[in-house]
Amino acid sequence: SEYLTILNSINKQYFEIIDDLFNNNIQRKELIKEKILISLNKIGDILRGIFLITENYKKTNDWLLSFGESMTSMIMYNYFSMRLEGNIQFLDSREVIKTNSNYCNADVNMKLTIDLIKQYLNNNEFDLLVVPGFVARSELDNSTTTIGRGGSDYTASIFGVGASAECVEIWTDVNGILTCDPNIIKNAQEIPEMSYNEMFELSYYGGKVLYHKTIS
């Protein structure tokens with residue numbers, strides 16, 4: 001009953017968000033709710049399976065962890081489509097980001113992934129592309145994988161390389177790279193400029209502002 005209570009709480013949050021964002025578009029709201037409900041029911045099935053066998057395998061855990069990113073990005077895609085002009089597309093990152101089967105922290109096959117991103121970008125025209133971060137697909141059996149705790153930033157950087165972008169902009173809960181953890185030391189100062197090597201070292205040894213794989 002405990003996992004069902006938590007799941008019902010998550011369900012309630014999602015539907016409240018959808019009601020707030022799409023309160024003026026009933027048709028779109030009901031369509032999104034229908035899609036989200038399918039995903040939420042799948043989550044319930046996975047959790048019931050974990051409960052019955054009393055074990056959570058890493059492969060199952062990755063599948064479970066992928067739903068939040070996929071659902072929220074789909075909601076944002078629909079919101080942008082409703083509010084913004086232009087051609088807005090959605091791409092499931094699992095279609096282009098390919099990994100090994102090291103579940104919960106999979107290694108990206110960078111050459112194949114970059115080639116697939118370039119191929120997608122060359123074959124599609126859009127003004128805005130919405131892509132879920134963090135999730136990928138195993139080359140071995142096409143199962144869902146995740147690419148680490150900073151996987152959304154990492155996904156953005158991979159797409160930046162694939163698109164030959166001039167820059168990648170990361171939005172987070174701080175204004176930039178700081179001298180220390182602002183949750184511990186209140187007068188933390190921004191560092192206006194830093195080399196990639198310095199940033200890699202900082203992130204590799206525990207700095208939370210960016211994932212070290214994003215820097216590399």
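In the predicted model, helix H3 can be checked against the length expected of a helix. At 1.5 Å a residue, the 26 residues of H3 should span 38 Å, and the C-alpha atoms at its ends lie 38 Å apart, so the two values agree. H3 covers residues 58-83. Its buried residues are Asp 62, Leu 64, Ser 66, Phe 67, Ser 70, Met 71, Ser 73, Met 74, Ile 75, Asn 78 and Tyr 79. These buried positions pack against two helices, H1 and H2, and against the strands S1 (88-90), S3 (128-130), S4 (135-138) and S5 (144-146). An α-helix has 3.6 residues a turn, so residues three or four places apart point the same way.

H3 belongs to a protein with seven helices and five strands. From the N terminus on, the elements follow the order α-α-α-β-β-α-β-β-β-α-α-α. The C-alpha atoms fill a box of roughly 45 × 45 × 45 Å along the principal axes. Of the 216 residues in the protein, 37% are buried. Among contacts between residues at least 6 apart in sequence, 63% join residues at least 24 apart.

The packing of H3 against H2 was examined next. The axes of H2 (residues 26-53) and H3 come within 10 Å and cross at roughly 175°. Angles over 145 degrees count as roughly antiparallel, and H2 and H3 are therefore roughly antiparallel to each other. On the H2 side, the contact is made by Arg 28, Ile 32, Lys 35, Ile 36, Ser 39, Leu 40, Lys 42, Ile 43, Ile 46, Leu 47 and Ile 50. H3 contributes Thr 60, Trp 63, Leu 64, Phe 67, Met 71, Met 74, Ile 75, Asn 78, Ser 81 and Met 82. By class, the residues of this contact comprise 14 nonpolar, four polar and three charged.

H1 also packs against H3, at an angle of about 10° and with the axes 11 Å apart. That angle makes H1 roughly parallel to H3. In this contact, Tyr 14, Ile 18 and Leu 21 of H1 meet Gly 68, Met 71, Thr 72, Ile 75, Tyr 79 and Met 82 of H3. Seven of the contact residues are nonpolar and two are polar, with no charged residue.

Tyr 14 of H1 is buried, with a relative accessible area of 11%. Beyond its neighbours within four places in sequence, Tyr 14 is in contact with Ile 36, Leu 40, Gly 68, Met 71, Thr 72 and Ile 75. Among these partners, Ile 36 and Leu 40 are also listed on the H2 side of the contact between H2 and H3. Met 71 and Ile 75 of H3 are buried. Tyr 14 and Val 130 are separated by 116 residues in sequence and by 19 Å in space, C-alpha to C-alpha. Glu 2, another residue in H1, counts as exposed at 62% relative accessibility. The C-alpha atoms of Glu 2 and Met 76 are 30 Å apart, with the two positions 74 residues apart in sequence numbering.

A search of the whole structure for aromatic pairs found eight. In one of them, the rings of Phe 22 and Tyr 79 have centres 6.2 Å apart and planes at 80°, so the pair is edge-to-face. This pair links distant parts of the chain: Phe 22 lies in the loop between H1 (2-21) and H2, whereas Tyr 79 lies in H3, 57 residues apart. Both residues of the pair, Phe 22 and Tyr 79, are buried. Tyr 79 is also one of the H3 residues that meet H1. Elsewhere, Phe 200, Tyr 204 and Tyr 205 form one aromatic cluster.

Positive phi values were found at Thr 54 and Asn 142. Thr 54, although not a glycine, has a positive phi of about 55°. Thr 54 is in the loop between H2 and H3 and is exposed, with a relative accessible area of 68%. Asn 142, likewise a residue other than glycine, has a positive phi near 65°. The position of Asn 142 is in the loop between S4 and S5, and Asn 142 is exposed, with a relative accessible area of 53%.

Key:
Residues numbered from 1 in each chain as written. Predicted model: local features only at pLDDT ≥ 70, side-chain atom pairs only at ≥ 80, totals over all residues. Heavy atoms only, no water. Axes fitted to C-alpha atoms, helices over the stretch in contact; angles between N-to-C directions. Helix = DSSP H or I, 4+ residues; strand = E, 2+ residues; numbered from the N terminus. Parallel < 35°, antiparallel > 145°, perpendicular 65-115°, else oblique. Contact = heavy atoms within 4.5 Å. Nonpolar A, V, L, I, M, F, W, Y, C, P; charged D, E, K, R; others polar. Phe/Tyr/Trp six-rings, centres within 6.5 Å; stacked < 30°, edge-to-face > 60°. Buried < 20%, exposed > 50% of the residue type's maximum accessible area, 1.4 Å probe, protein only. Expected span 1.5 Å × (residues − 1).
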